[in-house]
Amino acid sequence: MRYFSILMFFLLSICCKSEPALKTPEILWQDYITAYPEYATTAMPDADFFHNNEADANRLGKLILEGEKTAASSLYWLYQEYKVDVPRPGDMQIVTDFEGNALAIIATVQVDTVPFHKVSPEYAATDMGTTEQPLEKWKKTHWAFFESFLAESGEQPTEDMLIVCERFKKVWPE
């Protein structure tokens, strides 16, 4: 009976896929620097989710993890308002789900600041993680998001508002 139990445990462990274990940002960063010791002296990047609600944050995190979303858009106005730096190539971030579970590490590869009406279909596809009408979806989604955010400050979106278009690559997990 003992051998049967051991055999069953072994078979179940190699045959059945389970959900990946949830990790904290600290554990994910430790995994990364173990694989890439040249980053051992680099401070752990900020950890955050994308968007402002659980459903979108988790959906976008999954798209990043799957390599389908490789860009992010934000209002240049926010960087000015909060006196923070615009992302730069080489900046890293730990992407989490809405609950703070670490999903991936991304590194910024390119940053452009362009008016809303000049965002390209190609860029929109990388931000939205889709090739089906990416620009139309990007404009509709981002206009509504920026409009609701700006309304809190009594501002209104415009076609000329500056958008920080950040392209990134997923560096971990590989």
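Reader: Which residues of H5 are buried in this model?

Author: In this predicted model, the buried residues of H5 are Tyr123, Ala124, Ala125, Thr126, Asp127 and Met128.

Reader: What makes H5 a mostly covered helix?

Author: Of the 8 residues of H5, 6 are buried, a word reserved for a relative accessible area under 20%. The helix is therefore described as mostly covered. The cover over its buried residues includes helix H3 (54-65), strand S2 (71-75), H6 and strand S5 (162-172).

Reader: What follows H5?

Author: Glycine 129 follows H5, and its phi is positive, near 75°.

Reader: Why is the pair of phenylalanine 116 and tryptophan 138 called tilted?

Author: The ring centres of phenylalanine 116 and tryptophan 138 are 5.0 Å apart, and rings pair if their centres lie within 6.5 Å. The planes of these two rings stand at 35°. Stacked pairs have planes under 30 degrees apart and edge-to-face pairs over 60, so a pair that fits neither is called tilted.

Reader: Where do phenylalanine 116 and tryptophan 138 lie?

Author: Phenylalanine 116 belongs to the loop between strand S4 (102-115) and helix H5 (121-128), while tryptophan 138 belongs to helix H6 (residues 134-151). The pair therefore ties together parts that are 22 residues apart in sequence. Both phenylalanine 116 and tryptophan 138 are buried.

Reader: What makes the pair of phenylalanine 116 and tryptophan 143 edge-to-face?

Author: The angle between the planes of phenylalanine 116 and tryptophan 143 is 70°, and planes over 60 degrees apart count as edge-to-face. The distance from centre to centre is 5.2 Å. Tryptophan 143 also lies in helix H6, so its pair with phenylalanine 116, in the loop between S4 and H5, ties together parts that are 27 residues apart in sequence.

Reader: How do you know whether phenylalanine 116 is buried or exposed, and what is tryptophan 143 called?

Author: Phenylalanine 116 has a relative accessible area of 1%, and the limit for buried is under 20%; phenylalanine 116 is therefore buried. Tryptophan 143 has a relative accessible area of 25%. Exposed requires over 50%, so tryptophan 143 is called partly exposed.

Reader: How many aromatic pairs are there, and which residues form one aromatic cluster?

Author: The count is 10 aromatic pairs. One aromatic cluster is formed by Trp29, Tyr32, Tyr36, Tyr39 and Trp172.

Reader: How do you know that S3 pairs with S1 and S4?

Author: Pairing requires at least two bridges between strands. Strand S1 (residues 47-48) is joined to S3 by 2 bridges, and these strands run parallel; S3 and S4 have 5 bridges in the antiparallel sense. Both combinations therefore meet the requirement. Aspartate 48 has valine 95 in S3 as its bridge partner, and threonine 96 has alanine 102 in S4.

Reader: What is found in the hairpin of S3 and S4?

Author: There are 5 residues between the strands of this hairpin, and glycine 100 there takes a positive phi near 95°.

Reader: Why does threonine 96 count as buried?

Author: Threonine 96, in strand S3, has a relative accessibility of 4%. This value satisfies the limit of under 20%, so threonine 96 counts as buried. In strand S3 (residues 92-96), 4 of the 5 residues are buried.

Reader: What does threonine 96 touch beyond residues up to four places away in sequence?

Author: Threonine 96 touches Pro25, Ala47, Asp48, Phe49, Asn101, Ala102 and Leu103. Proline 25 is 71 residues away from threonine 96 along the chain, yet their C-alpha atoms are separated by 7.6 Å.

Reader: What makes the approach of the side chain of threonine 96 to phenylalanine 49 a polar contact?

Author: The side chain of threonine 96 reaches the backbone nitrogen of phenylalanine 49 at 3.4 Å. The cut-off is within 3.5 Å, so the distance qualifies.

Reader: How do you know that lysine 62 and glutamate 66 form a salt bridge?

Author: The closest N and O atoms of lysine 62 and glutamate 66 are 3.8 Å apart. A salt bridge requires a distance within 4 Å, so this pair qualifies. Another salt bridge joins lysine 23 to aspartate 31, with the closest N and O atoms 2.3 Å apart. The count comes to 7 salt bridges.

Reader: Why is aspartate 85 called exposed?

Author: Its relative accessible area is 60%, and exposed means over 50%, so aspartate 85 earns the word. Aspartate 85 forms a salt bridge with arginine 88 at 3.7 Å between the closest N and O atoms. Asp85, Arg88 and Asp91 are linked in a network of salt bridges.

Technical notes:
Residues are numbered from 1 along each chain as its sequence is written. This is a predicted model: local features need pLDDT of at least 70, side-chain atom pairs count only at pLDDT 80 or more; totals for chains, interfaces and linings use all residues. Side-chain values use heavy atoms; hydrogens and water are left out. Rings of Phe, Tyr and Trp (its six-membered ring) pair if their centres lie within 6.5 Å; planes under 30 degrees apart count as stacked, over 60 as edge-to-face and the rest as tilted. Buried means under 20% relative accessible area, exposed over 50%, partly exposed in between (1.4 Å probe, protein chains only). Contact means heavy atoms within 4.5 Å. A polar contact is a pair of N or O atoms within 3.5 Å; within protein, one must be able to donate a hydrogen and the other to accept it, and residues adjacent in sequence count only if both atoms are side-chain atoms. A salt bridge is a side-chain nitrogen of Lys or Arg within 4 Å of a carboxyl oxygen of Asp or Glu.
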